[in-house]
Amino acid sequence: MVFTTADALHVNIEFLPRVPAVTKEQYNGQALVTFSYDDGYMNWYSKALPYHSKYAMPGTFNINGSRIYGDDPHFMKASHVWVADSLGIEIGAHTQDHKALTTLTDEDIIYQVATNIAVLEDLGIPVHTLAASYSDYDERVYSIVSDYFEGVRVYDGVTNQAHNYDRYWLKAKAVKNYTTVEDIQGWIDEAIQERSWLIIMLHNVVDDPIEGCANGADECDELYDTSPQVLEGVMQYINAQGKDTLLPVNTYEGIQLVEAWEQ
Ligand SMILES: [Zn+2]
């Protein structure tokens, strides 16, 4: 038998404490940090969600509509997404079929986002933000999808600050399988210094990302894997800073807090 993180924590995920919502009163211009996960991997359910609950850590799970009704066991099903939502994780869109939006016609872009939203809203889950699949994005896609969301996360490898802020072009830094807790601590220290908003982009959460890739194990889907140990180390570091210095938020909460940056 393989023990998962959920086994190790001796919990039934559905009964974990809910991640509390962030309020405007908690924001004093301090740095913000967001965990933004792409693709809807099944491993988030047992290897990320329990840590978000344990550390009361907000996050955004960006979900493809077609995958939650498909039969690929690597992806969460609708019931798992519903549990994540009920535990206080923001559910964002990631296109209906994981398409590179810049390659599509205007009509197909609309289909990819509108269907994704409809599938999630059918679960009773409100959708406010999109993470662009492959971070594939341009001005044309921007002009279309901004009618459907209150924010769009892309990539760009930098933090969000007043001078570069665009709620429909949110910047993120990507965690790769060789990214350490110390590396991410460096990103966080920089965000605290800048009083900026750091969005951390994540994908698979597997027990041994580098070893898995070296062995060609099927858990290693891509370069962008990380481990539960890295997640937990980063969450502990974030909470050690104190919320007045560094406030963890989901994507939609962050957008609402930094509204003044849009002036
Ligand atoms: Zn993706």
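**Aromatic pairs, a zinc site and two cores**

A search of the whole structure finds ten aromatic pairs, and I will start with two of them before moving to the cores, the strands and the zinc ion. Please keep in mind throughout that this is a predicted model.

The pair I would like to show you to begin with is formed by Tyr-37 and Trp-44, whose ring centres are 5.3 Å apart and whose planes make an angle of 50°, so that the arrangement falls in the tilted class, between the 30 degrees that bounds stacking and the 60 degrees beyond which a pair counts as edge-to-face. Tyr-37 is buried, with a relative accessible area of 0%, and Trp-44 is likewise buried, with a value of 0%.

The other pair is that of Tyr-165 and Trp-261, and here the centres are 5.4 Å apart while the planes stand at 75°, so this pair is edge-to-face. As to where these two rings come from, Tyr-165 lies in the loop between β5, residues 151-156, and β6, residues 170-174, whereas Trp-261 belongs to the segment after α10, residues 251-257, and so the pair ties together parts of the chain that are 96 residues apart in sequence. Tyr-165 is buried at 11% relative accessible area, and Trp-261 also counts as buried, at 17%, given that the limit for that word is under 20%.

Going back to Tyr-37 and Trp-44, both of them are members of one aromatic cluster, which they form together with Tyr-41, Phe-61 and Phe-75. Two residues of that cluster come up again when we turn to the nonpolar cores, for the largest core has 65 residues, and those with the most contacts inside it are Tyr-37, Phe-61 and Val-145. If we set aside the neighbours of Phe-61 within four places in sequence, its contacts are Tyr-37, Trp-44, Leu-49, Met-76, Ala-84, Ile-89, Glu-90, Ile-91 and Gly-92. Apart from this largest core there is another one, of 15 residues, and among its members are Tyr-165, which we have just met, as well as Leu-170, Ile-199 and Leu-247.

Several of the contacts of Phe-61 bring us to strand β3, residues 90-93, which is covered on both faces: Glu-90 and Gly-92 are buried on one side, and Ile-91 and Ala-93 are buried on the other. Strand β3 runs parallel to β2, residues 60-63, and four bridges join the two. Within this pairing, Ile-63 has Ala-93 as its bridge partner. Between the two strands the chain passes through helix α4, residues 78-86, and this β-α-β crossover is right-handed.

Now to the zinc ion. Which protein atoms are its donors? They are the OD of Asp-39 and the NE2 atoms of His-94 and His-98, and they lie 2.0 to 2.2 Å from the ion. Along the chain these donors follow the spacing D-x54-H-x3-H. Asp-39 is in the loop between β1, residues 31-38, and α2, residues 43-47, while His-94 is in the loop between β3 and α5, residues 106-121, so that this pair ties together parts that are 55 residues apart in sequence. Is Asp-39 buried or exposed? Its relative accessible area is 5%, so it is buried, and His-94, at 1%, counts as buried too.

The loop between β3 and α5 is also the place of Leu-104, which is buried, with a relative accessible area of 16%. Leaving out residues up to four places away in sequence, Leu-104 touches Lys-99, Ile-109, Gln-112 and Arg-140. From Leu-104 to Val-141 the C-alpha to C-alpha distance is 9.1 Å, although the two are 37 residues apart in sequence.

Finally, a word on backbone angles, where the general expectation is that most residues other than glycine have a negative phi. Tyr-134 has a positive phi, near 60°, and Ser-135 has one as well, of about 50°. Tyr-134 sits in the loop between β4, residues 129-131, and α6, residues 139-145, and Ser-135 is likewise in the loop between β4 and α6. Tyr-134 counts as exposed, at 58% relative accessibility, whereas Ser-135 is buried, with a relative accessible area of 18%.

Terms used. Residues numbered from 1 in each chain as written. Predicted model: local features only at pLDDT ≥ 70, side-chain atom pairs only at ≥ 80, totals over all residues. Heavy atoms only, no water. Buried < 20%, exposed > 50% of the residue type's maximum accessible area, 1.4 Å probe, protein only. Pairing = 2+ DSSP bridges. Right-handed = clockwise from strand over helix to strand, strands pointing away. Donors = N, O, S within 2.8 Å, 3.2 Å for Na, K, Ca; no water. Phe/Tyr/Trp six-rings, centres within 6.5 Å; stacked < 30°, edge-to-face > 60°. Core = buried A, V, L, I, M, F, W, Y, C linked by side-chain atoms within 4.5 Å. Contact = heavy atoms within 4.5 Å.
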